[in-house]
Amino acid sequence: MKFLKTFCFAAAFLLSSCVNRNKISNIQLITYDDSSITVDADAAEPEYGVIYHLLFRGLPNSNQTVPMISTSEEQTKQQFPAYFKNFIDNRRYQTFITSSTKNSNGSRRLVINTKALRQDLEQNSIIRKFGY
C-alpha cells in the first residue's frame with residue numbers, strides 16, 4: 001500500500017512538472033497595422049506567450065500569419081544561444097511590448113511593436129531582411 005501511494009504521488013508530481021511554458025490558452029487578435037499588433041492574451045505569462053507565438057508560430061488573421069523566424073525553435077536557439085538567453089531569461093522581449101493592461105476578465109491586452117522586433121531580429125542576424 002505504501003508503494004502504491006508513493007508511486008501515485010511520484011506520477012502526479014512528474015505529470016504536473018511537465019507544464020509547457022510556451023502554451024497559451026487563448027490569444028484574441030484585436031487590431032494590427034504595419035508596425036504593431038494588439039491582442040488579448042489569457043495565460044500565466046501572457047507577454048512571453050504572445051512573443052513566442054509571433055516568433056515561432058505566427059498569429060492567424062493578422063499581418064503576421066507566418067512566424068517571424070522560419071526555422072525551428074530548437075535549431076534557432078542552438079544557433080544563437082547568447083541572443084535567446086538575453087531575450088528570454090533576462091526578459092528582454094518585454095521591451096517590444098509597448099502597452100500591457102489588465103482586462104476586467106483577467107486577461108491582458110498587449111500591444112507589441114512588431115516593426116522594432118523584426119528590426120532587432122535582423123540586426124542580430126537571426127532573420128534576414130524580408131524574412132529570407
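Q: What is the accessible surface of the chain, and what share of it belongs to carbon and sulfur atoms?
A: Keep in mind that this is a predicted model. The accessible surface of the chain comes to about 8,700 Å². The share belonging to carbon and sulfur atoms is 53%.

Q: How much of the chain do buried residues make up?
A: A residue goes into this group if its relative accessible area is under 20%. The chain has 132 residues. Buried residues make up 35% of them.

Q: What pattern does the chain follow along the sequence?
A: Start with the parts list: the chain has five helices and four strands. Put in sequence order, they read α-β-β-α-α-α-β-β-α.

Q: Among contacts between residues at least 6 apart in sequence, what percentage join residues at least 24 apart?
A: Heavy atoms within 4.5 Å are what makes a contact here. Take the pairs in the chain that are at least 6 apart in sequence, then look for those at least 24 apart. That fraction is 54%.

Q: Which helix gives the most to the largest nonpolar core?
A: In soluble globular proteins, nonpolar side chains tend to be buried together. Here the largest nonpolar core has 27 residues, and Leu55, Phe84, Phe87 and Leu121 have the most contacts inside it. Strand S2 (36–42), H2, H4, S4 and H5 each supply at least two residues. With seven residues, the top contributor is H2.

Q: How many of the residues of H2 are buried?
A: The buried residues of H2 include Pro46 and Phe56, with Glu47 and His53 also among them. H2 is largely enclosed by the rest of the structure, because the buried count is eleven of eleven.

Q: At what angle do H2 and H4 pack?
A: On the H2 side the contact uses Tyr48, Ile51, Leu55 and Phe56, while H4 brings Phe84, Phe87 and Ile88. Those residues divide into seven nonpolar, no polar and no charged. The axes lie 12 Å apart, and the angle is about 150°.

Q: Which residue just after H2 takes a positive phi?
A: Look just past the end of H2 for a phi of about 85°. The residue with that value is Gly58.

Q: Is Pro60 buried or exposed?
A: Pro60 sits in the loop between H2 and H3. Leaving aside neighbours within four places in sequence, Pro60 is in contact with Leu29 and Thr65. The C-alpha atoms of Pro60 and Gln28 are 9.5 Å apart, with the two positions 32 residues apart along the chain. Since its relative accessibility is 59%, and the cut-off is over 50%, Pro60 counts as exposed.

Q: Which residues does Leu121 touch, not counting those up to four places away in sequence?
A: Leu121 is one of the residues with the most contacts inside the largest nonpolar core. Once residues up to four places away are set aside, its partners are Leu55, Met68, Ile69, Tyr83, Ile126 and Ile127.

Q: How far apart are N and O in the salt bridge of Asp120 and Arg92?
A: This pair links distant parts of the chain, with Asp120 in helix H5 (residues 114–123) and Arg92 in the loop between helix H4 (81–89) and strand S3 (97–102). Asp120 is buried at 7% relative accessibility, whereas Arg92 is partly exposed at 24%. Asp120 also touches Tyr83 and Phe96. The N to O distance in the salt bridge is 2.6 Å.

Q: Which residue forms a salt bridge with Arg108?
A: Arg108 is in strand S4 (residues 108–113), and its partner is 61 residues away in helix H2 (residues 46–56). Arg108 counts as partly exposed at 24% relative accessibility, while the partner counts as buried at 18%. The closest N and O atoms are 3.9 Å apart, inside the 4 Å limit. The partner is Glu47.

Q: What is the separation of the closest N and O atoms of Lys77 and Glu73?
A: These two are four residues apart in helix H3 (residues 73–79), so about one helical turn separates them. Lys77 is partly exposed at 26% relative accessibility, but Glu73 is buried at 11%. Their salt bridge has its closest N and O atoms at 2.8 Å.

Q: How many salt bridges does the count come to?
A: The pairs include Asp120 with Arg92 and Lys77 with Glu73. The count comes to six.

Definitions and conventions:
Residues are numbered from 1 along each chain as its sequence is written. This is a predicted model: local features need pLDDT of at least 70, side-chain atom pairs count only at pLDDT 80 or more; totals for chains, interfaces and linings use all residues. Side-chain values use heavy atoms; hydrogens and water are left out. A salt bridge is a side-chain nitrogen of Lys or Arg within 4 Å of a carboxyl oxygen of Asp or Glu. Buried means under 20% relative accessible area, exposed over 50%, partly exposed in between (1.4 Å probe, protein chains only). A nonpolar core is a set of buried Ala, Val, Leu, Ile, Met, Phe, Trp, Tyr and Cys residues joined through side-chain atoms within 4.5 Å. Axes are lines fitted to C-alpha atoms, for helices over the stretch in contact, and angles run from 0 to 180 degrees between N-to-C directions. Ala, Val, Leu, Ile, Met, Phe, Trp, Tyr, Cys and Pro count as nonpolar, Asp, Glu, Lys and Arg as charged, and the others, Gly among them, as polar. Accessible areas come from the Shrake-Rupley method with a 1.4 Å probe; for residues, only the protein chains shown count as cover.
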